[in-house]
Amino acid sequence: MARTRAAGLSVVVAVALVAGGLAATPAAAAEYVLLVNTGNDHPSGEEGRAMVQRLFLKRASQWPDGTKAFPLDRPAANDAHKAFVENVLGTSESKLQSWWTKLKQERGATAPRAVGAPSLLKQAVGMRDGAFGFAKRSEVAPVPDNIRVLFTFDGS
Amino acid sequence: MRFRSKLAGGTAWIALAALTTAVAATAVPVGAAAQDNEAGRIEKLEQEVRQLRETVRQLKDEGDGEAADQTNEVTLSDLDSEVETTKKRVERLESIAQRVDEQVGSDAVVNAFDAVDLNLGGFLDLAATHVNGEDDSVTSFNRQVAELLVSADIAEDWRIFWAQSFLRKAGPNFTQNPAGADTANPDFGNLGGAATDTVLAWTNYKHTDALQVQAGRFITPHGIVNQEHFPATLLDATQPQFLRPFSGQTVFPNFTNGIQLHGSAFLGGGLDADQISYNLYTGNFTNNSTEFNVGGRVAYEVGGMGLTVGANATYGDRSDQRDADYVVVGGDIKYDSGPIIWKNEIFATDEDRGDNRLGAYTQPGYRLGEQWTAFYRFDYLDRGSDPDTLAARLESIEHSLGVNFQPHSNVRLRAILRNTTFDGPDDDAQTAELSATLSF
């Protein structure tokens, strides 16, 4: 009887330890993807990330091969937009809005159009050379043949 | 499909039953001849059994194959899942269509005659100001500016930009008319009725990011604040002294009617690549339409640091009445990183007629979170002398301290205290200004 109780207690302790360990483990960051049209040969890695940053902020207007860029945004409340602003643009939402206000009034330029539905985002990127957008990987899988992932980035 | 398997199995059993019947029906005769016959029949039966076994085996294999094929075929649950996914997509699309319909409504839709892209924006800039002079003080709702901005992309690389201002405003007299101002008795002058001013009207052709041509009425591309220009983006809508009055040429003309080449390029492909930009222009100042100014700016942005350094130069003539050539050289440095936004500019002139002019300011700002920004500005201006009359103009130093509050990205509220000290008349004036700029 004592051996049975000891075994039972050991099991309870083991379960408690495992549960505690699981609770202490931070949730894995969501994975986001930057989608581009496959019609052009775009650089990847840090160079691709830098180019996306410049093109999205409209500090440049063309990809290195001369293709006119067509950046697409997501609604401000969307998690992908927040992750993109923080981890790809490296800025805050208020600074980004100030940037668009400045651009609007100095150059007559506007912020990239925000696309809500992931299915529409895939269509918009796929139908235009130079287009790019971003989303949660799970929202856009499977990726159709006319678009590809240029790079991935984490959420907050 | 399962029916075919059952049929195959049934066929096998029927075959065996037939065989059994055949065996039973076949009588085995006695004797040697009978034994030969028997051997032959047995051999024949054995052959039939082998054939039947082969047939059963083939039927069994076919049944197994059909079962395997069934796992690759669409089941009802797959179809259900596909229908659910499609339903959700349709619901999302209907939601989008509903939102678009709400925005468009049932009234007429505005169309551009001919434009690839047409954008409409603007801002409203309001201010209430109290000025306390040596001998008198005055308060007024002295500024109401409504400005409409229109941007039209008429082709892929061609843009028109137009800024039309409907304004009713007056600054303190020592700003608007420093030559004749009584600094001890500040006044706002007569606001009068609304005036309209075509602030900007230019067209831009972009050959590449590095080579663009702009023509029309544009902001003279010098310095920082003059180019940023629009109140919605400025911590202080009352610009540095050397840029007052609005549309003047205290140091250089704030606006030019002419043509400019401009562009920018990144030096390298990395995240922290530096950027170089340039402007080269020629044109006329509005109040001096027969004399040409020529000038430019080169700026270098250090990538990843938020630091931009600019060098400026211009040559022109201040008067159409007589020769009053001048040269301006200046520098600007802007640091914008993290919570710090720090702007600095200095411009000095060499005047052929009258005294030289010097304007400089430094404006550190600090972002206190997402909505609040505090700033201080030290501002010095030596206005030189009038090029026509050679009368000396005011020299003044300003200290400004203010906060901006942005409850929304399109709303900027300000509270600013300013102390202006004049040299010449030994007066000073204290100003308290509350202003709001709302943009769309």
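**A glutamine in chain B and the build of chain A**

The side chain of Gln239(B) comes to 3.3 Å from the backbone oxygen of His229(B), a polar contact in the sense of a pair of N or O atoms within 3.5 Å, where within protein one must be able to donate a hydrogen and the other to accept it, and residues adjacent in sequence count only if both atoms are side-chain atoms. This is a predicted model, in which local features need pLDDT of at least 70 and side-chain atom pairs count only at pLDDT 80 or more, while totals for chains, interfaces and linings use all residues. Residues are numbered from 1 along each chain as its sequence is written, and side-chain values use heavy atoms, with hydrogens and water left out.

Gln239(B) lies in the loop that runs between helix H5 (225-228) and strand E6 (255-267) of chain B; helices (H or I, at least four residues) and strands (E, at least two) are DSSP runs numbered from the N terminus. Because its relative accessibility is 10%, Gln239(B) counts as buried, a term that means under 20% relative accessible area with a 1.4 Å probe and protein chains only. Apart from its neighbours within four places in sequence, Gln239(B) has contacts (heavy atoms within 4.5 Å) with Val225(B), His229(B), Leu234(B), Arg244(B) and Arg377(B).

Turning to chain A, the reader finds 6 helices and 5 strands, arranged along the sequence as α-β-α-β-α-α-β-α-β-α-β. Of its 156 residues, 41% count as buried. Helix H5 of chain A, residues 118-126, is mostly covered, with 7 of its 9 residues buried, among them Pro118(A), Leu121(A) and Lys122(A).

Methods:
Chains are lettered from A and ligands numbered from 1 in the order in which they are written. Buried means under 20% relative accessible area, exposed over 50%, partly exposed in between (1.4 Å probe, protein chains only).
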